[in-house]
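This report walks through one predicted chain. It takes up helix packing, then backbone exceptions.

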Amino acid sequence: MTSILIVEDDADIGALVARYLTKAGFEVERVTDGRTALSRIAAASPAALVLDVMLPGLDGLEICRRMRADSRTAAIPIIMLTARGDEADRIAGLELGADDYVAKPFSPGELVARVRAVLRRAARPDESGAGITTISYGPLVIDRDRHLVTADGQEVSLTAKEFLLLEYLLTHRGRVLSRDVLLTDVWGYGYTGGTRTVDVHVRRLREKIPFLVERLVTVKQFGYKLLDRPASA
């Protein structure tokens with residue numbers, strides 16, 4: 001059974017989320033503070049985290065930062081819970097590597113759908129180029145089976161969503177892709193997080209893979225395009 005760790009210090013919200021995820025067929029564990037969450041993750045990595053931003057001790061943003069800095073937990077999908085209107089927290093979470101966020105108050109059914117979506121996309125099979133397990137682009141190589149990215153032979157640590165975005169860009173190289181198309185095809189299920197989400201993830205890809213800086217170009221007021229033929233670095 002797929003395990004989900006809920007990190008939420010509000011007992012009522014934690015119980016609500018746990019009830020709906022359990023009904024949806026997930027195995028659920030609840031903790032109420034950041035340090036306990038990190039201990040649980042170290043002991044047995046969950047399939048995904050539902051993580052509140054405001055927590056006693058270590059807050060959700062710090063937990064996200066530490067997970068993304070550790071190769072053992074960097075690919076675990078994270079859905080952050082934020083207070084409605086706290087745009088700064090949502091942007092900060094995306095900057096640190098969160099895959100999605102849900103604003104309180106939220107629909108439990110929508111949260112379940114988002115959990116399913118991040119899990120599906122983190123583990124989805126090859127959808128472009130049947131039978132192709134690796135994609136090369138200049139010094140970049142994506143190993144789809146191992147969920148691994150290397151640049152000049154060195155492993156690049158990417159979050160689950162960064163990996164999926166890079167994979168999508170590589171399989172659609174040479175095409176101008178609108179932010180809305182990227183949101184629909186990479187985030188899925190009519191994602192409502194806004195196009196800023198795409199910009200944050202593109203910037204992180206450029207920072208982690210400098211080779212992309214001049215090759216993943218911005219199409220003003222529209223979206224992005226990965227050049228069809230990579231020039232040598």
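How are H3 and H4 oriented to each other, roughly parallel or roughly perpendicular? They are roughly parallel, since angles under 35 degrees count as roughly parallel, over 145 as roughly antiparallel, 65 to 115 as roughly perpendicular and the rest as oblique. The axes of H3 and H4 (residues 87–96) cross at roughly 10° and come within 9 Å. Axes are lines fitted to C-alpha atoms, for helices over the stretch in contact, and angles run from 0 to 180 degrees between N-to-C directions.

The model is predicted: local features need pLDDT of at least 70, side-chain atom pairs count only at pLDDT 80 or more, and totals for chains, interfaces and linings use all residues. Residues are numbered from 1 along each chain as its sequence is written, and side-chain values use heavy atoms, with hydrogens and water left out.

**Overall make-up**

The chain has 8 helices and 12 strands. Helices (H or I, at least four residues) and strands (E, at least two) are DSSP runs, numbered from the N terminus. Of the 233 residues, 48% count as buried. Buried means under 20% relative accessible area, exposed over 50%, partly exposed in between (1.4 Å probe, protein chains only). Among contacts (heavy atoms within 4.5 Å) between residues at least 6 apart in sequence, 58% join residues at least 24 apart.

**Helix pairs**

In the first pair, Leu61, Cys64, Arg65 and Arg68 of H3 meet Asp89, Ala92, Gly93 and Leu96 of H4. The residues of this contact divide into 4 nonpolar, 1 polar and 3 charged. Ala, Val, Leu, Ile, Met, Phe, Trp, Tyr, Cys and Pro count as nonpolar, Asp, Glu, Lys and Arg as charged, and the others, Gly among them, as polar.

H6 (residues 160–171) and H8 (residues 196–208) have axes that cross at roughly 85° and come within 10 Å. These two helices are therefore roughly perpendicular to each other. H6 contributes Lys161, Glu162, Leu165, Leu166 and Leu169, and H8 contributes His201, Val202, Arg204, Leu205 and Lys208. The residues here divide into 5 nonpolar, 1 polar and 4 charged.

**Helix H2**

The buried residues of H2 (residues 34–43) are Gly34, Ala37 and Ile41. Seen down the axis, they fall within an arc of 55°, so they line one face of the helix. The arc is that of the directions from the helix axis to the C-beta atoms. An α-helix has 3.6 residues a turn, so residues three or four places apart point the same way. Their cover includes strands S1 (3–7), S2 (27–31) and S3 (48–52), and helix H3 (60–69). On the other side, Arg35, Ala42 and Ala43 are exposed. Aspartate 33 caps the N-terminal end of H2, with a side-chain oxygen 3.3 Å from the backbone nitrogen of arginine 35.

**Backbone exceptions**

Most residues other than glycine have a negative phi, and most peptide bonds are trans. The bond from lysine 104 to proline 105 is cis, with omega near -10°. Proline 105 sits in the loop between S5 (100–104) and H5 (108–122). Two residues other than glycine have a positive phi.

| Residue | Phi | Loop | Relative accessible area |
|---|---|---|---|
| Histidine 147 | about 55° | S7 (140–143) to S8 (148–151) | 29%, partly exposed |
| Glutamine 221 | near 60° | S11 to S12 (223–226) | 76%, exposed |

**Valine 219**

Valine 219 lies in strand S11 (residues 216–219). Its relative accessible area is 25%, partly exposed. Not counting residues up to four places away in sequence, valine 219 touches Val176, Tyr224 and Lys225. Valine 176 is 43 residues from valine 219 in sequence, with C-alpha atoms 7.5 Å apart.

How values were computed. A polar contact is a pair of N or O atoms within 3.5 Å; within protein, one must be able to donate a hydrogen and the other to accept it, and residues adjacent in sequence count only if both atoms are side-chain atoms.
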